[in-house]
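This report concerns the contact between two chains and the packing of two helices. Please consult the sequence and the structure shown here.

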Amino acid sequence: MREFRVTITLLLALALHIDAEAQEIVVKDAAQQSVSSYVASNYAAIVSQTPTQEAKHSLEQAQIPSLRYKNTLSVGYGLLFGAVYIPLFDMYTKEYNDIAYNTSLSSQLADSRYYWSTERAFTGITIEYSHRIKSWFAIGAKGVVSFKTRAKRHISTNELLYRDNTLLAAALLNMRFDWFCRKTVTMYTSLGIGLMTHTDYYETYVLPMYDAAWVGITVGRRLYGYAEFGGGIGGLFRVGMGYRF
Amino acid sequence: MRALSRYIVRFAAIAAIVTASVACTLSEGYRHSPVSLCRRIWNDVNYDLSYINIILKKVILFDHMFDIEDEAEREAYIDTMLHAASIEQSGDTYTIRYINEYNTYHTQVIKTSGGRFSQGDKWEVSYDGGLGYLATITASGSGYKVTFSRLYDDKSNTTAELEMSYELTTYSENSDTLVDIEYSGHLAMTDYTESISRPLTIATTITRPVKYNGNYGMTGGAFDIVCRDALYNSTDHIKADINSSTGLVTIEYYGSRWTEDVKNRVNL
């Protein structure tokens, strides 16, 4: 009976020390009595180890991978190359076609003699590194490469005249804003600005470029998959994988 | 939950691979018919032939003018058959002026040696219009040899070596004169528009004589045409055949054939 009284007293004291969200200790049955005895004898230690609000928050954060790990490395692929949709200047969409624009007999015949084969492209191949400096904000770097190729061939013999390759490579500084973080799901918005080089059959030039993920979602923990809806050189829709460390 | 996230990650990876493979094709190539190429080359040759036909017709009609002794008939002939505004003679050289729809004059000059080409004289015919030319006509065997050393402008030029014969039919009721010309030989066109050092050439060999009727145009002839474009290092070999009965031309290129109307594209 004495022990019971002591236990009750100690528990009341403990309840005064921990806040309303602290773990509740139930002392009703015999099993709990033995626990209570242990608590009573180790009161000081238990009080020091009981999580505070801040500590509990930290604990939760530790369980969310996107908050636990500061660094992220991801690779992905974008569809529908977005640079052509930028209503900025004609420089992004200018196209050369000397044969079509020239009216000499040689050019007219060449226009009839040759055709463009299937145009293939690998657009928005992206590698990104980001470093979290706030729970909701990360900065990093992003590299995006797009490549397309087509061939001018003879209409009858299919003989290759020349191959028209276009390579776009961009380096961007990227900012990422995480606005929904859970254990396996993170949603974010990111924006990157930088430079892009355009290399084709005729020339190479450098242009300003951006890449934005208006809405992005990651699913997974350390190793995760992601999908984004965005604009810019990365493409309109992107998917990929990443690793947090 | 962990197992679920693994599945999601795997699904994302597979979806990425699938979309990547689909996205590889931006646009399908379109391998169009070579008919436009053949038609373009044939039209160029046809243009030369039509022009040559008109020149020969005018020269033959001019030569025939000397058969008309009556001054009034000759004036009427000049007006209706030659469509000339005036003819001036200076020694052995005749200057024929034509007026076009823009009321501008062009001058055809025929230098003779004092006689008629139909009687063995050598004629040199030139024209200073937009489509200039320089041709010589001399008697050769039972017919005539016609050499065009210049046809057209300074950017493209055609030369031709032809063996020609002709027939004239004059109708007494209306004094109209019908010209029937037949010739064979070869033409060589060179176009420097795209490249001076690597021009485009079209060599035409007449494999069956061209038949030209003053009223109906070309009614026969077969052609072996080789178009060589040094700029593109390409050679196009085309065969064209004008069917005498149908008046249609059949063009053949790499085993493919098309048939269409023969158009006389030059009107002086």
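The text below treats the interface, then a strand pairing, then a helix pair.

The model is a predicted one. Across the interface, 35 residues of chain A are in contact with 37 residues of chain B. On the side of chain A that touches chain B, at least two residues each are supplied by β1 (71–79), α7 (105–113), β2 (114–116), β3 (119–132), β7 (204–220), β8 (223–232) and β9 (237–244) of chain A. The largest share of that side comes from α7(A), with 8 residues.

The classes of the residues are set out below for that side of chain A and for the helix contact discussed at the end.

| Residue set | Nonpolar | Polar | Charged |
|---|---|---|---|
| Side of chain A that touches chain B | 17 residues | 13 residues | 5 residues |
| Contact of α2(B) with α3(B) | 7 residues | no residues | 2 residues |

A strand pairing also links the chains: β3(A) pairs with strand β1 (residues 25–27) of chain B in the antiparallel sense, over 2 bridges. Within β1(B), Thr25(B) is the bridge partner of Arg120(A).

Two packed helices are described by the angle between their axes and the distance between the axes. In chain B, the axes of helix α2 (residues 35–65) and helix α3 (residues 71–82) come within 11 Å and cross at roughly 175°. Because angles over 145 degrees count as roughly antiparallel, α2(B) is roughly antiparallel to α3(B). From α2(B), the contact is made by Lys58(B), Leu61(B), Phe62(B) and Met65(B); from α3(B), Arg74(B), Tyr77(B), Ile78(B), Met81(B) and Leu82(B) take part.

Terms used. Residues numbered from 1 in each chain as written. Chains lettered and ligands numbered in written order. Predicted model: local features only at pLDDT ≥ 70, side-chain atom pairs only at ≥ 80, totals over all residues. Contact = placed C-beta atoms within 7 Å. Helix = DSSP H or I, 4+ residues; strand = E, 2+ residues; numbered from the N terminus. Nonpolar A, V, L, I, M, F, W, Y, C, P; charged D, E, K, R; others polar. Pairing = 2+ DSSP bridges. Axes fitted to C-alpha atoms, helices over the stretch in contact; angles between N-to-C directions. Parallel < 35°, antiparallel > 145°, perpendicular 65-115°, else oblique.
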